[in-house]
Amino acid sequence: MTGPEPEKNFAAPWEAQVFALVVSLQDSGLFTWGEWAERLGAAIRPAGSAERPADYGHWLATLEGILAERAVADGASVAARTEAWLRASRATPHGEPIRLENDPHYRA
Amino acid sequence: MTHAHADHDHDHGSDLSPVEARVRALESLLVEKGYVDPAALDALVEMYETRIGPHLGARVVARAWVDPAFRARLLADATPTIAELDIGGRGGEHMVAVENTPEVHNLVVCTLCSCYPWPVLGLPPVWYKAPPYRARAVIDPRGVLAEFGVSLPETTRITVWDSTAETRFMVLPMRPAGTEGFSEAALAALVTRDAMIGTGLPRAVPVLAPEMPA
C-alpha cells in the first residue's frame, strides 16, 4: 500500500485501450457491470494461489475470456492476430506508426 | 505482465510488447466485427484521462458543506442529488454517500475487485485495486488508516463499506475547522480523492485563500 500521492489513471496506453474496449462493450450491452465484476473477481482469484490485483492485465484476460465464451473472438484468432501485430511491429521502421498492413504475411 | 522488454530489435523495427500486441489484436478484431467504434474508444480514453476525476466529487462535498438541504438530499438519495450538479453516468447509477462524524469514520473498499464511483472520483488508484487494501480494509481498517497517515480518536468507530457493481459508495468527510466563510470553490480545493474514499482527511491547511474567486 502506498501513500496518497497522485497517480496516473493509466500506466501505459494499452491500459487505456483495454479500459475503453471494456466500457464500450458494456455500453453496447455485451455484458453488464455485474457480470464484469463477477468475472474479474474470479480472474484475480486463481485456484490455489494468492489473490491478484484487479489491474488492467487482469481486465485484458477477463475480456479475452468473455469474448471467447460469447464466440466474438476465439483464442486462436486472437493469438493469430497478436502474432500478426508482432510481425507488423518488427517490419515497421522505428518511430513510424505500426499498421497491421506492415505484417509481411498481411492479406487484405 | 508488462515487463519492460529487452532492447533487442531496435535496429530492425518497432517494439510492440506482447501485451500491446494482444490489445491491438483484440481491438482490431472487434472493430472489424463491428463491436466497437475506434472514435468512441478514443472519446472514452479522452474523457477518463482529462475530464472525469476527483475534482467532481470535491464539488459535491463542498456543496454539501455549504447547503444543508443539499447535504440531506445527498445522504438520503445520492444519485439524483449528485445529478443536480450535472455529475453522473457510467459507474454511478446507484451511488450512496456516507457521512463522517466525530463518532463514525467511513472507509470504502471493493473486496471483490475494483468497483469505484467513477463519475465522482474517476478511476481507482493502483492501491485500491491491490489485494492488501482489498483484504485489510475489512480486517484491520485502523491499521490501514494508520498507513495512510490517518489516526482517529479511539472513540471514533470505523465503518467499512463494500462497493459493488450495483452500489458504489463515496465518503462525505467532515468540513475542516477554520473554513467558515470559505467559498464553495475554496472548500472543494480542500477535498482530496482519499478523503472521499475514507483513507484520508480533507486538507487542513487552506491551499486557496477564502477570498479567491470561484
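# Exercises on helix packing and enclosed space

α4(A) passes α1(B) in a right-handed crossing. The exercises below concern a predicted model.

**Exercise 1.** Describe the packing of helix α4 of chain A on α1(B), and state which residues make the contact.

*Solution.* Step 1: geometry. Helix α4 of chain A covers residues 75–91, and its axis lies 8 Å from that of α1(B), at an angle of about 115°.

Step 2: residues. From α4(A), the contact draws on Ser77(A), Val78(A), Arg81(A), Thr82(A), Trp85(A) and Leu86(A). Their partners in α1(B) are Pro18(B), Ala21(B), Arg22(B), Arg24(B), Ala25(B), Leu26(B), Ser28(B), Leu29(B) and Glu32(B).

Step 3: classes. Eight of the residues in the contact of α4(A) with α1(B) are nonpolar, three are polar and four are charged.

**Exercise 2.** Determine whether α1(A) and α1(B) are roughly parallel or roughly antiparallel, and characterise their contact.

*Solution.* Step 1: geometry. Helix α1 of chain A (residues 13–27) packs against helix α1 of chain B (residues 18–32) with an angle of about 30° and a distance of 10 Å between the axes.

Step 2: orientation. Angles under 35 degrees count as roughly parallel. α1(A) and α1(B) are therefore roughly parallel to each other.

Step 3: handedness. These two helices, α1(A) and α1(B), make a left-handed crossing.

Step 4: residues. On the side of α1(A) stand Trp14(A), Gln17(A), Val18(A), Leu21(A) and Leu25(A). They meet Val19(B), Glu20(B), Val23(B), Leu26(B), Glu27(B) and Leu30(B) of α1(B). Sorted by class, the contact of α1(A) with α1(B) comprises eight nonpolar residues, one polar and two charged.

**Exercise 3.** Give the volume of the second largest pocket and identify the elements that contribute two or more residues to its lining.

*Solution.* Step 1: volume. The second largest pocket holds about 320 Å³ of space.

Step 2: lining. This pocket is lined by 14 residues, and Gln17(A), Glu20(B), Val23(B), Arg24(B) and Glu27(B) are the closest to its centre.

Step 3: elements. Two or more lining residues come from each of α1 of chain A and α1 of chain B. The greatest contribution is that of α1(B), with six residues.

Step 4: classes. The lining of the second largest pocket contains eight nonpolar, two polar and four charged residues.

**Exercise 4.** State how many cavities of 30 Å³ or more the whole structure contains, and describe the lining of the largest cavity.

*Solution.* Step 1: number and volume. One cavity of 30 Å³ or more is found in the whole structure. The largest cavity encloses about 130 Å³.

Step 2: lining. Of its 17 lining residues, those nearest the centre of the largest cavity are Trp36(A), Trp59(A), Ser114(B), Cys115(B) and Trp118(B).

Step 3: elements. Within chain A, α2 (33–43) and α3 (56–69) are the elements that give two or more residues to this lining. α2(A) gives the most, with four residues.

Step 4: classes. The lining of the largest cavity has 14 nonpolar residues, one polar and two charged.

**Exercise 5.** Classify the orientation of α3(B) to α4(B) and name the residues in contact.

*Solution.* Step 1: geometry. In chain B, the axes of helix α3 (residues 54–66) and helix α4 (residues 68–76) come within 5 Å and cross at roughly 125°.

Step 2: orientation. At that angle, α3(B) is therefore oblique to α4(B).

Step 3: handedness. The crossing of α3(B) past α4(B) is left-handed.

Step 4: residues. Val60(B), Arg63(B), Ala64(B) and Val66(B) of α3(B) make the contact with Pro68(B), Phe70(B), Arg71(B) and Leu74(B) of α4(B). By class, the contact of α3(B) with α4(B) holds six nonpolar, no polar and two charged residues.

Notes
Residues are numbered from 1 along each chain as its sequence is written. Chains are lettered from A and ligands numbered from 1 in the order in which they are written. This is a predicted model: local features need pLDDT of at least 70, side-chain atom pairs count only at pLDDT 80 or more; totals for chains, interfaces and linings use all residues. Side-chain values use heavy atoms; hydrogens and water are left out. On a 1 Å grid over the protein atoms alone, a cavity is a set of points where a 1.4 Å probe fits but cannot get out, and a pocket is an open set with protein on both sides within 12 Å along at least five of seven lines; lining residues have an atom within 4 Å of a point. Grid points are joined across faces, edges and corners, and a volume is the space filled by probe spheres set on the points. Ala, Val, Leu, Ile, Met, Phe, Trp, Tyr, Cys and Pro count as nonpolar, Asp, Glu, Lys and Arg as charged, and the others, Gly among them, as polar. Axes are lines fitted to C-alpha atoms, for helices over the stretch in contact, and angles run from 0 to 180 degrees between N-to-C directions. Angles under 35 degrees count as roughly parallel, over 145 as roughly antiparallel, 65 to 115 as roughly perpendicular and the rest as oblique. A crossing is left-handed if the near helix is turned anticlockwise from the far one by less than a right angle, and right-handed if clockwise. Contact means heavy atoms within 4.5 Å.
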